[in-house]
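Subject: Structure for you to look over

Dear colleague,

I am handing over the structure we spoke about, with the sequence alongside. Please open both before reading on, as my notes below are meant to be followed with the model in view.

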Amino acid sequence: MCSSDLFRAAAADVAGHPPAEITLRRGLDGGPFTVAPGAHVAATEQGRYCAVATARGLPVGVDLKQVVPTPPTPALVSFLPARGRAALEAARPDGAPREFALWWCRVEAAARVCGAGLDDGARCLDACADHAEVVGPDLAVAVAVPGGGPLAVRVSFAATPAGAVR
C-alpha cells in the first residue's frame, strides 16, 4: 500500500491538522483511512504507482489500473454498468482497452466507497459522483464519492522510483 507518510500527509491536508495528529487505522478491506473529523482518505497502488484521494465530509474511493492493449474478456465487461458497456461498444477497437480501464476504475472506486464487492460495484456507481481519466502513459485512475453532487478532482502525475510508495 502507499506509504503511511504519504497517506498521513494527504489526510492532514484535507483535515487541516498537522500530520502528527492524524491517527490511521485499517479498514475492513485492509486499506487505511483517517479518523480525523470530516476527513476521508483512500489509497491504492498499481505496480510502482500510488493514487491517494481525499474528501471533506464524504467517504471517498479510488482505483488505479494499467491500460493493457488487449480487449477485456466478456466476464470482466459484465461487471460494468449498462452505460459503461455501451461506451465500450461505441469505442474504436484501439480505444476499447482505455475505455474499459476507465470504467473498471470507476466501478472499483464506487465499490470501495460503498464497502461493497465487485458484484455490487455497478449499482454503487449509480449512487456516486465519479471522475476518471488516463494519467501518465498508460494508467487509468478514478475517484468516487457517494451522491450525485459536484465532484472537484485535481489529478497530478509523476513517476516514482520502484519501491518508493511502500
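Why can E5 be called largely enclosed by the rest of the structure? The reason is that five of the six residues of E5 are buried. Please bear in mind throughout that this is a predicted model.

**The chain as a whole**

The chain has 166 residues, of which 41% are buried, and its secondary structure consists of five helices and seven strands. Following the sequence, these elements come in the pattern α-β-β-β-β-β-α-α-α-α-β-β. Among the contacts in the chain with a separation of 6 or more, 49% are between residues 24 or more positions apart. The accessible surface is about 8,800 Å², and carbon and sulfur atoms contribute 54% of that area.

**The sheet around E5**

Strand E5 belongs to an open sheet of three strands, in the order E5-E7-E6, and the pairing is antiparallel. E5 (61-66) and E6 (128-135) are the edge strands, each of them pairing on one side only, and neighbouring strands of this sheet are turned against each other by 15° on average, with direction ignored. Helix H4 packs on the sheet and touches E5, E6 and E7, and the direction of H4 makes about 150° with that of E5.

If you wish to trace the pairing residue by residue, six bridges hold E5 and E7 together in the antiparallel sense, with Gln66 standing opposite Leu139 in E7. On the other side, E6 pairs with E7 (residues 139-146) over eight bridges, also in the antiparallel sense, and His131 has Val143 in E7 as its bridge partner.

**Asp63 and helix H4**

Within strand E5 you will find Asp63, which counts as buried because its relative accessible area is 5%, and buried means under 20%. The side chain of Asp63 makes a polar contact of 3.1 Å with the side chain of Arg112. Setting aside neighbours within four places in sequence, the residues in contact with Asp63 include Trp104, Cys105, Glu108 and Ala109, and also Thr44, Ala140, Val141 and Ala142.

Helix H4 (residues 96-114) has 19 residues, and at 1.5 Å a residue these should span 27 Å; the end C-alpha atoms are 27 Å apart, so the length agrees with the expected value. H4 is mostly covered, with 16 of its 19 residues buried, and just after the helix Gly115 takes a positive phi of about 70°.

**The hairpin of E3 and E4**

Strand E3 (residues 39-46) runs antiparallel to E4, and eight bridges join the two; one point of reference is Ala43, which stands opposite Val52 in E4. In a regular strand, side chains alternate between the two faces of the sheet. Along E4 (residues 49-56), Tyr49, Ala51, Ala53 and Ala55 point to one face and are buried, whereas Cys50, Val52, Thr54 and Arg56 point to the other face and are not buried.

The hairpin has two residues between the strands, and Gly47 in this hairpin takes a positive phi near 60°. Gly47 lies in the loop between E3 and E4, and is classed as exposed because its relative accessible area is 57%, the cut-off being over 50%. Although Gly47 and Gln66 are 19 residues apart in sequence, their C-alpha atoms are 8.6 Å apart in space.

**Helices H1 and H5**

Helix H1 (residues 4-15) is made of 12 residues and reaches 16 Å from its first C-alpha to its last, which is close to the 16 Å expected at 1.5 Å a residue. Buried in H1 are Phe7, Ala10, Ala11, Ala12, Val14 and Ala15, and the helix is followed by Gly16, whose phi is positive, near 75°.

Is Asp126 buried or exposed? Asp126 is found in helix H5 (residues 121-126) and, with a relative accessibility of 56%, counts as exposed. The C-alpha atoms of Asp126 and Gly147 are separated by 8.8 Å, and these two residues are 21 residues apart along the chain.

With best wishes

Terms used
Residues are numbered from 1 along each chain as its sequence is written. This is a predicted model: local features need pLDDT of at least 70, side-chain atom pairs count only at pLDDT 80 or more; totals for chains, interfaces and linings use all residues. Side-chain values use heavy atoms; hydrogens and water are left out. Helices (H or I, at least four residues) and strands (E, at least two) are DSSP runs, numbered from the N terminus. The expected span of a helix is 1.5 Å times one less than its number of residues. Buried means under 20% relative accessible area, exposed over 50%, partly exposed in between (1.4 Å probe, protein chains only). Two strands pair if DSSP finds at least two bridges between them. Axes are lines fitted to C-alpha atoms, for helices over the stretch in contact, and angles run from 0 to 180 degrees between N-to-C directions. Contact means heavy atoms within 4.5 Å. Accessible areas come from the Shrake-Rupley method with a 1.4 Å probe; for residues, only the protein chains shown count as cover. A polar contact is a pair of N or O atoms within 3.5 Å; within protein, one must be able to donate a hydrogen and the other to accept it, and residues adjacent in sequence count only if both atoms are side-chain atoms.
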